[in-house]
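Student: I have a structure open on my screen and I'm not sure how to start reading it. Could you walk me through it?

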Amino acid sequence: MSSQSQPRTLFAGIGSPHGDDRIGWLVADALREFARTDIEIREAATPSDLLDWLEGIDRLIVCDACTSAPSTTSTDHALHRWEWPTQEVATLRSANSHAFGLPQVLQLAERLGTLPPVVIVFGVAAESFDAFAELSPNLAAAQDAIVQRIAIDVGPVPTGRRNEANANNGRWEPALRGEASRNA
Amino acid sequence: MAEARTIKVEALTRVEGEGGLFIRLDGDRIEDVKLSIYEPPRFFEAFLRGRRLEEVADITARICGICPVAYQMSAVHALEMAQGVTISPEIRRLRRLLYCGEWIESHALHMHLLHAPDFAGVDSGIELAEHFPDEVNRGLRLKKHGNELLEVLGGRAIHPINVAVGGFYRAPKKDDLLALLPDFEWGLEAAIETARWVATLTFPDFTRAYDMVALQHPDEYAMNEGAIASTSGKAVAVTDYETHYEEFHVEHSTALHSGRANGHASYHVGPLARVNLNLDRLTPRARQLADEVGIDWPCWNPFQAIIARGLELVHAYEEAIEIIRDYQPFAPSRIDYEHHTGAGCAATEAPRGLIYHRYEVDDAGLVTFAKIVPPTSQNQQQIEEDLRDWLPRVLHGDDSQTARDCERLVRCYDPCISCSTHFLKLTIDRGESS
């Protein structure tokens, strides 16, 4: 962790404009609306983009669409959460399957000593990647819950979605249902 | 009777996108070599029809996360031809600067993380980082410079949004560009070291008689403009591209292959073709380096494309520094035009090679036809032919080693299979393979 009093957090949503592969960017957009201003939020088109942004970062949180992710019971909409290092992320195949994939990027950063001490990866099970398509109906229905679940980690003490926080006297209650372990 | 063997590489590692390789042998006789593409087709060309021509640059930029500028540049130049727009010298120069950013980002990534491992006796960029941490860190810094330049010029690094038909939506601020200079001055020296480093790698002694094709311009190292030159014939105008080069369907791939129009002979596009055809138009330090790296140009060894990339990396830094130093804000940043029915085409040089676009638009400014020929689809046939020659040298008892050796050759082309946009309908290629 850096010597500064406030640890620096980077959230990176990896995605593309193609169907469910949008989810990383959509989560980044949504988080921007209510995350603390000291949290850096970025959209990446390829996992290797992350390598440009790690300097001085203490916590890295990544969200990417995935296919063939390991089975999980972590949520009722197939949101997977891993804390690096984990063998499960190593088997994750990103929908945005560029050759230097997310596991390789994390391993490389680790090897070079640039990987932040805390790395959390969210994999969102994806159904369709049609060019310029919107999210599939199932994922669209789960989008808010996914954002809210990821926001718990991004916080790390979430100040709440602006509107909901105001309505709730500043207290934010995620609406996620069915979550089991946070440490899949 | 000779033993029949099949070698399959289900997913090519360190290749952008999804592709596979299929090799069938009868003893030592090569029966079949196929580079398969099985990424779900993306119907970008169909998707563009009916869209406003102003949307095309942003839509095509999203075809690939690695080389959005290449798609944008070919698109806007083609559409400017269709609308009779002549851009100013200032806009033209800024577009070259933007392309420099993409070449730096893409070449640095490919050289250090995807290709150098093949010559360093390691299996991945991660392993390479263990043996060559300084070189890999250097490569990552260079890659970052490219992205930072794209961010200043393009509005953002990922899928730049500032490129418009007629110019740029907003000219960059001088101070924003000047702020990049210290990094770029360091980067130029680092790029030279990188080029020298890759020249020391050990390359297989493998040369072929290629028909190499790239843009050529009388006054500059061609990026955005020029005639389509070839190492085996006369240069032709970009407007004649489809007369001389043709796409065709092969059953094992959902992407179209390209070949010479008469007989579909293969050709080779990419940095090696560019350097071979434009050696004397490299910037001074890149040109000097070309003499130092121990190659008697033209070079016909595809493995040494990594050296050509190194020279272009140096070139891109040198040119970028010159443009940034001379830059003065200008107006208008975008040339106005009125919609009218028209057609236009353009070819530019993506990091991986020549990329050709053609569009037709109606008097309301809507696209009625789009054709995109990316570099990887042009190189596909060439890669298969290379593999036929390469295979006898790498046939071992160990199929997995043979497969790895074949992958090495494929990676020389830095194929971006997700960029092979010109897909056919799935119904055409299902169930028809022999």
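Tutor: Let's take it step by step, beginning with confidence and ending with single residues.

Student: What should I check before anything else?
Tutor: Check how far to trust the coordinates, since this is a predicted model. Where pLDDT is low, the predicted coordinates should not be read in detail. In chain A the mean pLDDT is 74, and 68% of the residues reach 70 or more.

Student: Which elements of chain A have the highest and the lowest mean pLDDT?
Tutor: Strand β1 (residues 9–14) of chain A comes out highest, at 94, and helix α5 (residues 162–167) of chain A lowest, at 38. Then look for stretches with low values. One covers residues 69–76 of chain A, where pLDDT stays under 50. Another covers residues 156–184 of chain A, again under 50 throughout, and the model has 55 contacts beyond four places in sequence for it. Where confidence is low, don't read the coordinates in detail.

Student: OK, how do I get an overview of each chain?
Tutor: Start with the secondary structure. Chain A has 5 helices and 6 strands, and from the N terminus on they run β-α-β-β-β-α-β-α-β-α-α. Chain B has 15 helices and 13 strands. Next comes burial: 56% of the 184 residues of chain A count as buried, while for chain B the figure is 65% of 434 residues.

Student: How can I tell whether a chain folds back on itself?
Tutor: Look at how far apart in sequence the touching residues are. Take the contacts in chain B between residues at least 6 apart: 72% of them join residues at least 24 apart. In chain A, residues 24 or more positions apart account for 75% of the contacts with a separation of 6 or more.

Student: Why is strand β4 of chain A said to be largely enclosed?
Tutor: Count its buried residues. In strand β4 (residues 79–83) of chain A, 4 of the 5 residues are buried, so the rest of the structure largely encloses it. Then find a partner: β4(A) pairs in the antiparallel sense with strand β6 (residues 118–125) of chain A, over 5 bridges. You can follow that pairing at A:R81, which stands opposite A:F122 in β6(A).

Student: How do I read a whole sheet?
Tutor: Write down the strand order, then look for the edges. In a regular strand the side chains alternate between the two faces of the sheet. Here's one case: chain B has an open sheet of 3 strands in the order β6-β7-β8, with antiparallel pairing. The edges are β6 (213–216) and β8 (233–236) of chain B; each has a single partner strand, so one side of each lacks a neighbour in the sheet. From one strand to the next, the twist averages 30 degrees. Between β6(B) and strand β7 (residues 227–230) of chain B there are 4 bridges, and B:A214 has B:A229 as its bridge partner in β7(B). Helix α10 (residues 271–278) of chain B packs on this sheet, touching β6 and β7 of chain B, and its direction makes about 50 degrees with that of β6(B).

Student: Is there another sheet I can practise on?
Tutor: Yes, try the open sheet of 3 antiparallel strands ordered β11-β12-β13 in chain B. There, β11 (342–350) and β13 (367–373) of chain B are the edge strands, each pairing on one side only. The twist averages 10 degrees from one strand to the next. Strand β12 (residues 353–361) of chain B is joined to β13(B) by 6 bridges, and within that pairing B:R358 is matched with B:K371. Helix α4 (residues 89–115) of chain B packs on the sheet and touches β11 and β12 of chain B. Helix α13 (residues 375–394) of chain B packs on it too, touching β11, β12 and β13 of chain B.

Student: Last one: is B:N301 buried or exposed?
Tutor: The cut-off for buried is under 20% relative accessible area. B:N301 is at 5%, so B:N301 counts as buried. This residue is in the loop between α11 (284–292) and α12 (305–326) of chain B. The B:N301 side chain reaches the backbone nitrogen of B:F303 at 2.9 Å, and among the residues that B:N301 touches are B:F203, B:D205 and B:L272.

Student: And what about B:C299?
Tutor: B:C299 is placed in the loop between α11 and α12 of chain B, and at 3% relative accessibility B:C299 counts as buried. Its contacts include B:M212 and B:L272.

Definitions and conventions: Residues numbered from 1 in each chain as written. Chains lettered and ligands numbered in written order. Predicted model: local features only at pLDDT ≥ 70, side-chain atom pairs only at ≥ 80, totals over all residues. Heavy atoms only, no water. pLDDT = per-residue confidence, 0-100. Helix = DSSP H or I, 4+ residues; strand = E, 2+ residues; numbered from the N terminus. Contact = heavy atoms within 4.5 Å. Buried < 20%, exposed > 50% of the residue type's maximum accessible area, 1.4 Å probe, protein only. Polar contact = N/O pair within 3.5 Å; in protein donor to acceptor, adjacent residues only side chain to side chain. Pairing = 2+ DSSP bridges. Axes fitted to C-alpha atoms, helices over the stretch in contact; angles between N-to-C directions.
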